[in-house]
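This briefing goes through one protein model by topic, for a reader who has the sequence and coordinates open alongside the text.

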Amino acid sequence: FDPTVTQYDDAVAQRDDEPASSAPPSADDVESPRATQDGGQHHHAQALLLSLAFFFIWSPQNLLAPNLTQAARDFGYGDDTHARDLYLGSNLALAGSVLSLPFSALIGFASDVVSSRRALISATAFVGGMAAIATGMATTYPQLILSRFVGGSCMSGSVPVVFSLLSDWFDDRDRNAASSGFTAMMGAGILLGQVYAGCTGLGAGWRHSFYVSGALTMILAVLV
C-alpha cells in the first residue's frame, strides 16, 4: 500500500469533480474600463441635456415682472397700480410659489416610486412647458392664475427629481460639482428669462417670452 499514490488519485478525482463555475471568468464577464468610460460619457451627455431642460423649466419664474403694466392692461386693470400689484404680483406669486408646494412635493415623492426618473422629469418638464405656453395664451384671470399654479408646481417639483438623478449618475467625487452646476442653471434660467422678457416685451409683447420658454422646454423634455 502506497499512500502517495492514494493521495494523488484523490487529488485528481477532486479536480475532475469541481464545478465549471470555478473556471476563470471570460472576457465577456469582466466589465472593461472602456465600457465604464463610455457609460460615464453617456451620463455626462444626458446631464447636459437635463441641465438645459432645468434652465428652461425655471425661466418662466420672472417672465411677467418686466412687463407687468402691459399685462395688467390686457386683463382689464388699466393703470391701476394697486390692482396690478395685487392680482399680477402677489396673487400669482402665492399661487405659483406657495399653494403649488403640495403638488411639487408629490412629484418629489414620485421619484422614489416610479420605475424611471428620466420619464418623470421629462413629463414634469413637458407639462411645465405647456403651462408656460398656456400663460401666454391666457385671456382671463382664472386661466392665468391656473397656468401659473401648474407651472410653479413643475418648477419646484423638478428639483428633487433632478438631484435624485444626479445621485444615480455621478459618484461622490463628482456629485457636488454637478449639483452646483445644476443650481447655477436654475438661477441663470430665472435671471436670463427675465432679461429676455424685458428686452423683447416692448416690441413683441409680454406673451412672447412665455411662448419661447414653453416651446424650448417641451423640446428639451422630449430629448431628455
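**T200 and the overall picture**

Once residues up to four places away in sequence are set aside, T200 touches G205 and H208. T200 belongs to helix α8, and it counts as buried because its relative accessibility is 17%, where the cut-off for buried is under 20%. The model is a predicted one, and the points below take up its overall make-up, then helix α4 and its surroundings, then the charged pairs and some individual positions.

**Overall make-up**

- The protein contains nine helices and zero strands, so that its pattern, read along the sequence, is α-α-α-α-α-α-α-α-α.
- Of the 224 residues in the protein, 37% are buried.
- Among contacts in the protein with a separation of 6 or more, 79% are between residues that lie 24 or more positions apart.
- The accessible surface of the protein amounts to about 12500 Å², and carbon and sulfur atoms account for 63% of that surface.

**Helix α4 and the nonpolar patch**

- Helix α4 covers residues 81–99, and at its start a side-chain oxygen of D80 comes to within 3.2 Å of the backbone nitrogen of H82.
- Further along, α4 bends by about 25 degrees, and the bend is located at N91.
- The buried residues of α4 are A83, R84, L88, L92, A95 and G96, and these buried residues pack against α3 (68–74) and α7 (141–169).
- On the surface, L94, V98, L99 and L101 form a nonpolar patch, and together these four residues have about 340 Å² of accessible area.
- Helix α4 supplies the largest share of this nonpolar patch, namely three residues, and L99 is placed in α4.
- Helix α4 therefore has a place in two parts of the picture, since it holds buried residues that include L88 and L92 and also contributes three residues to the nonpolar patch on the surface, with buried standing for under 20% relative accessible area and patch residues having over 30%.

**Salt bridges**

- Side chains of opposite charge can pair when their charged atoms come close.
- The structure holds six salt bridges, and the bullets that follow describe some of them, including the one between R73 and D79.
- In the pair formed by R73 and D79, the closest N and O atoms are 3.0 Å apart, and both R73 and D79 are exposed.
- R84 forms a salt bridge with D85, with the closest N and O atoms 3.0 Å apart.
- Within that pair, R84 is one of the buried residues of α4, whereas D85 counts as partly exposed because its relative accessibility is 36%.
- R173 and D174 are joined through their side chains in a salt bridge, at 3.7 Å from N to O.
- R173 is exposed, because its relative accessible area is 68%, while D174, at 28% relative accessibility, counts as partly exposed.

**Individual positions in α2, α5 and α8**

- Q46 lies in helix α2, which spans residues 33–58, and it counts as buried because its relative accessibility is 10%.
- When neighbours within four places in sequence are left aside, Q46 is in contact with R118 and W169.
- L106 is found in helix α5, which spans residues 101–110, and L106 is exposed, because its relative accessible area is 52%, where the cut-off for exposed is over 50%.
- L106 and G157 are 51 residues apart along the chain, and their C-alpha atoms are separated by 7.6 Å.
- A184 lies in helix α8, which spans residues 172–204, and A184 counts as partly exposed because its relative accessibility is 47%.
- A184 and S51 are 133 residues apart in sequence, and in space the distance from C-alpha to C-alpha is 9.5 Å.
- Helix α8 thus offers two positions to set side by side when the model is inspected, namely T200, which is buried at 17% relative accessibility, and A184, which is partly exposed at 47%.

Note on methods
Residues numbered from 1 in each chain as written. Predicted model: local features only at pLDDT ≥ 70, side-chain atom pairs only at ≥ 80, totals over all residues. Heavy atoms only, no water. Patch = residues over 30% accessible without salt bridge, like charges linked within 9 Å, V, L, I, M, F, W, Y side chains within 5 Å. Areas by Shrake-Rupley, 256 points an atom, 1.4 Å probe, with all protein chains shown as cover. Helix = DSSP H or I, 4+ residues; strand = E, 2+ residues; numbered from the N terminus. Bend = angle between axes of the 7 residues up to and from the residue. Buried < 20%, exposed > 50% of the residue type's maximum accessible area, 1.4 Å probe, protein only. Contact = heavy atoms within 4.5 Å. Polar contact = N/O pair within 3.5 Å; in protein donor to acceptor, adjacent residues only side chain to side chain.
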